[in-house]
Amino acid sequence: MNPWPVIPDDVVAWFRSVFADANRRVCERLVNLPNIRETSLDDGLIEALIPESAPTLLPSGAIVRMDTHNIGGLRRLGAPHWDWDFPQRRRWETADIAILVFVYRGDRLVAKKIGLLQSKRLFPINQDVEDDDEIGFLHGMNAFIRRDGHQASAALHRTYSFDETCTFASIQAGHRQVGLIDTLNRDFGKVVFYLLYSPPELPFTVNYPLRQRVRVGKMQIGNRVVDADGVHRALAELGDGASPSFKSIQSACVDRDWSLEIWAADLLLTCQVGQQFDDTNDDRVRYFLERRSGPIGAAVAASITLPEET
């Protein structure tokens, strides 16, 4: 496998800026819709990257661009609670978002690597988050059209509070997903990380009805990427079915906890995290990405074209 090429500083800075803006916009989506489902936050991340996807020439002479692909949260179509045999059944479990990096020297591909993100959101104290309703997803627009004649006032007047004791409720000790991630990281190399959607700071409170849209500026926390081993260490302290708190994951992931933009630009682009691959294991990466019933719901491909060497 070829050595990883040196990535120019302005390339790293460009990607850091793009992912920092995406981080802020997704965080803003979370705090304005604090009961939003995880899949909609994944969608928001991909949408936030699209405006910056055109080829861009940087001062170093490098050209950067991004390609995005989003199947659209099909992990919601998991295994219904009776014996239906859908192709997607129980397969959306290993990761939700793939970030790929392709480095070219002129028109020649010289290096490529991948990092996978399993996304989870922080639940508010009241645990009120839209669930992934499999049957509602199958019924499509019917849930919007067929409403009863009354509106629950509780839906309009509600408080969502977050603090360090809140849990990432869809991460559960003893769940099959934990073993799948460990197996993939063991067999392919450490490639799966957790992307944790969180408010810009803790504690944080949102009151419905909103008086105006909540704007997010500087973020002490926001959306962060953490090492899977650390999360699983936190789970090991819990009984089956229990979920880790924000505080327990923070304690278990000391020095392995990064803002989304630092992980994507300063670490993934420079080959400090994720896994480099070549033609010898290209088929494994294709398996992740090309199967419609595979584990990845969205992908971002970052292409970096370096000037020809003189």
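**Exercise 1. Charges over rings**

Find the ring that K113 lies over in this predicted model, and then look for the ring under R121.

*Solution.* Start at K113: the face beneath this lysine belongs to W4, and the distance to the ring centre is 5.6 Å. Now move to R121, which lies over the face of F123, at 5.6 Å from the ring centre. Both values fit the cut-off, which asks for NZ of Lys or CZ of Arg within 6 Å of the ring centre.

**Exercise 2. Aromatic pairs**

Classify the pair formed by Y160 and Y208, and say which strands it ties together.

*Solution.* There are 4 aromatic pairs in the structure. For Y160 and Y208, the ring centres are 5.3 Å apart and the planes meet at 70°. Planes over 60 degrees apart count as edge-to-face, so this pair is edge-to-face. Next, place the residues: Y160 belongs to strand β5 (residues 158-162) and Y208 to strand β7 (residues 204-208), so the pair links parts 48 residues apart in sequence. Are these two tyrosines buried or exposed? Y160 and Y208 are both buried. Elsewhere, F193, W258 and W263 make up one aromatic cluster.

**Exercise 3. Two helices**

Describe how helix α5 packs against helix α6.

*Solution.* First, the geometry: α5 (residues 176-188) and α6 (residues 228-236) pack at about 145°, and their axes are 11 Å apart. The crossing of α5 with α6 is left-handed. Then list the contacts: α5 brings V178, I181, D182 and N185, while α6 brings A228, D229, H232 and L235. Finally, sort these residues by character: 4 are nonpolar, 2 polar and 2 charged.

Methods. Residues are numbered from 1 along each chain as its sequence is written. This is a predicted model: local features need pLDDT of at least 70, side-chain atom pairs count only at pLDDT 80 or more; totals for chains, interfaces and linings use all residues. Side-chain values use heavy atoms; hydrogens and water are left out. Axes are lines fitted to C-alpha atoms, for helices over the stretch in contact, and angles run from 0 to 180 degrees between N-to-C directions. Helices (H or I, at least four residues) and strands (E, at least two) are DSSP runs, numbered from the N terminus. A crossing is left-handed if the near helix is turned anticlockwise from the far one by less than a right angle, and right-handed if clockwise. Contact means heavy atoms within 4.5 Å. Ala, Val, Leu, Ile, Met, Phe, Trp, Tyr, Cys and Pro count as nonpolar, Asp, Glu, Lys and Arg as charged, and the others, Gly among them, as polar. Rings of Phe, Tyr and Trp (its six-membered ring) pair if their centres lie within 6.5 Å; planes under 30 degrees apart count as stacked, over 60 as edge-to-face and the rest as tilted. Buried means under 20% relative accessible area, exposed over 50%, partly exposed in between (1.4 Å probe, protein chains only). A charge sits over a ring if NZ of Lys or CZ of Arg is within 6 Å of the ring centre and within 35 degrees of the ring normal.
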